[in-house]
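Welcome! Here is a short briefing to help you find your way around this protein. Take a look at the picture, then read on.

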Amino acid sequence: MATTDLTTADFQQTLEDSDILLVDFWADWCGPCKQFAPVYSQVSEQHPDVTFAKVDTEAERELAAAANITSIPTLMAFREKVLVFSQPGALNAEQLTEVITAVKDLDMAEVHKQIAEDAAEQDAKPQG
């Protein structure tokens, strides 16, 4: 599957439409980003069940800021609309495949349960 360029306008819809979404935050002037791009594209061909997207941080500054991108390339992985992985730095094909496998193997019922527990804990804390 080819990679998709994301913008602020279509990010949320892509997230809603994808069970697993990988997002590569990059810029044209970034050497490691250019090294990672063919690896990302190649691995995307091996995982048609995963949405592979790219965000040009120069063109989409608002989206990069909203995602708290401070270093590029940064890879983020979402599963069922939950951010489950975020790491700056270029990966090789083996490392990227390991990330994808780990994301696919997540027990999302447990992840959602933990999110709910964390939210309840925050709500129970006294304000002050």
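At the heart of this briefing is an open sheet of 5 strands in the order E1-E3-E2-E4-E5, with mixed pairing. Its edge strands are E1 (4–5) and E5 (82–88), each of which pairs on one side only. What you see is a predicted model, in which local features need pLDDT of at least 70 and side-chain atom pairs count only at pLDDT 80 or more, while totals for chains, interfaces and linings use all residues. Residues are numbered from 1 along each chain as its sequence is written, and side-chain values use heavy atoms, leaving out hydrogens and water.

**The sheet and its helices**

- The protein has 5 helices and 5 strands; these are DSSP runs numbered from the N terminus, with at least four residues for a helix (H or I) and at least two for a strand (E).
- Following the sequence, you meet them in the pattern β-α-β-α-β-α-β-β-α-α.
- Strands of a sheet pair through backbone hydrogen bonds, either parallel or antiparallel.
- Strands E2 (residues 20–26) and E3 (residues 51–56) run parallel and are joined by 6 bridges; two strands count as paired if DSSP finds at least two bridges between them.
- Phe 25 stands opposite Val 55 in E3.
- Helix H4 (residues 93–105) packs on the sheet and touches E2, E3, E4 and E5, its direction making about 20° with that of E4.
- Helix H1 (residues 8–17) lies across E1, E2, E3 and E4 (74–79), running at about 150° to E2; axes are lines fitted to C-alpha atoms, for helices over the stretch in contact, and angles run from 0 to 180 degrees between N-to-C directions.

**A closer look at Thr 57**

- Thr 57 sits in the loop between E3 and helix H3 (61–66).
- Thr 57 is buried, with a relative accessible area of 10%; buried means under 20% relative accessible area, using a 1.4 Å probe and protein chains only.
- Leaving aside residues up to four places away in sequence, Thr 57 touches Phe 25, Trp 26, Ala 27, Ala 64, Ile 69 and Ile 72; a contact means heavy atoms within 4.5 Å.

**The protein as a whole**

- The C-alpha trace spans about 50 × 30 × 25 Å along its principal axes.
- Of the 128 residues in the protein, 38% are buried.
- Among contacts between residues at least 6 apart in sequence, 73% join residues at least 24 apart.

Technical notes: Buried means under 20% relative accessible area, exposed over 50%, partly exposed in between (1.4 Å probe, protein chains only).
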